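Grab the model and work through these exercises. Each one sets a task and then walks through a solution.

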Amino acid sequence: MSRKTDIDCMNMALQQAEIAAENGEVPVGAVLITEDGREFASYNAPITTDDASAHAEMRVIRMACRAVKNYRLTGSTLYVTLEPCTMCAGAIVHARIGSVVYGAADPKTGAVESLSTVLSDERLNHQPEVTSGLLADECGRLLKDFFRERRKR
């Protein structure tokens with residue numbers, strides 16, 4: 001079994017973001033790879049699910065936790081097309097996710113390095129490894145195109 005690269009995983013997350021956009025949701029996608037190689041993927045769905053917590057990251061974390069039957073996802077890697085918000089960053093810390101790779105920065109709600117720095121806060125009991133900017137142009141373009149279309153309506 002060949003292991004997927006970070007770019008492969010971010011491309012999978014981008015595919016999930018496209019599904020979100022097709023559903024009228026803000027196009028954010030997430031992929032989580034567990035330490036033993038299991039893959040989970042999801043997309044933003046707060047509008048279609050009437051659930052403010054249905055961000056791509058939250059949904060994929062829930063899927064993985066159920067599958068591994070543990071709320072801790074130690075050693076896993078989360079790929080997300082947009083910098084996680086405070087809610088998602090908190091869930092990442094509580095789940096003990098090993099590393100986070102994200103694409104586009106989110107200057108309005110990003111809680112990794114834009115608005116706040118939850119994932120590197122040493123007062124918390126866990127700080128995942130973070131890689132930012134992977135396929136940032138592609139991730140950002142998807143969001144910009146989505147909002148440009150929304151403004152036309």
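**Exercise 1. Describe the largest pocket: its volume and its lining.**

Start with the volume: the largest pocket comes to about 530 Å³. For the bookkeeping, a pocket here is an open set of points on a 1 Å grid over the protein atoms alone, where a 1.4 Å probe fits, with protein on both sides within 12 Å along at least five of seven lines; lining residues have an atom within 4 Å of a point. Points are joined across faces, edges and corners, and the volume is the space filled by probe spheres set on them.

Next, the lining. It has 21 residues, with Val26, Leu82, Asp106, Leu143 and Phe147 nearest the centre. By type, there are 11 nonpolar, four polar and six charged residues (nonpolar: Ala, Val, Leu, Ile, Met, Phe, Trp, Tyr, Cys and Pro; charged: Asp, Glu, Lys and Arg; polar: the others, Gly among them).

Last, the helices: helix 5 (136–152) and helix 2 (46–49) each supply at least two lining residues, and helix 5 gives the most, with four. Helices (H or I, at least four residues) and strands (E, at least two) are DSSP runs, numbered from the N terminus.

A word on the source: this is a predicted model, where local features need pLDDT of at least 70 and side-chain atom pairs count only at pLDDT 80 or more, while totals for chains, interfaces and linings use all residues. Residues are numbered from 1 along each chain as its sequence is written, and side-chain values use heavy atoms, leaving out hydrogens and water.

**Exercise 2. Is Ser53 buried or exposed, and which side chains does it pair with?**

First, place it: Ser53 sits in the loop between helix 2 and helix 3. Its relative accessible area is 17%, so Ser53 is buried (under 20%; exposed is over 50%, partly exposed in between, with a 1.4 Å probe and protein chains only).

Now the partners. The Ser53 side chain makes polar contacts with those of Asp51 at 2.7 Å and Arg62 at 2.9 Å. A polar contact is a pair of N or O atoms within 3.5 Å; within protein, one must be able to donate a hydrogen and the other to accept it, and residues adjacent in sequence count only if both atoms are side-chain atoms.

**Exercise 3. Work out which elements the buried residues of helix 3 pack against.**

List the buried residues: Ala56, Glu57, Met58, Val60, Ile61, Ala64 and Cys65. Then follow their contacts (heavy atoms within 4.5 Å): they pack against strand 1 (29–33), strand 2, strand 3 (77–82) and helix 4 (86–95).
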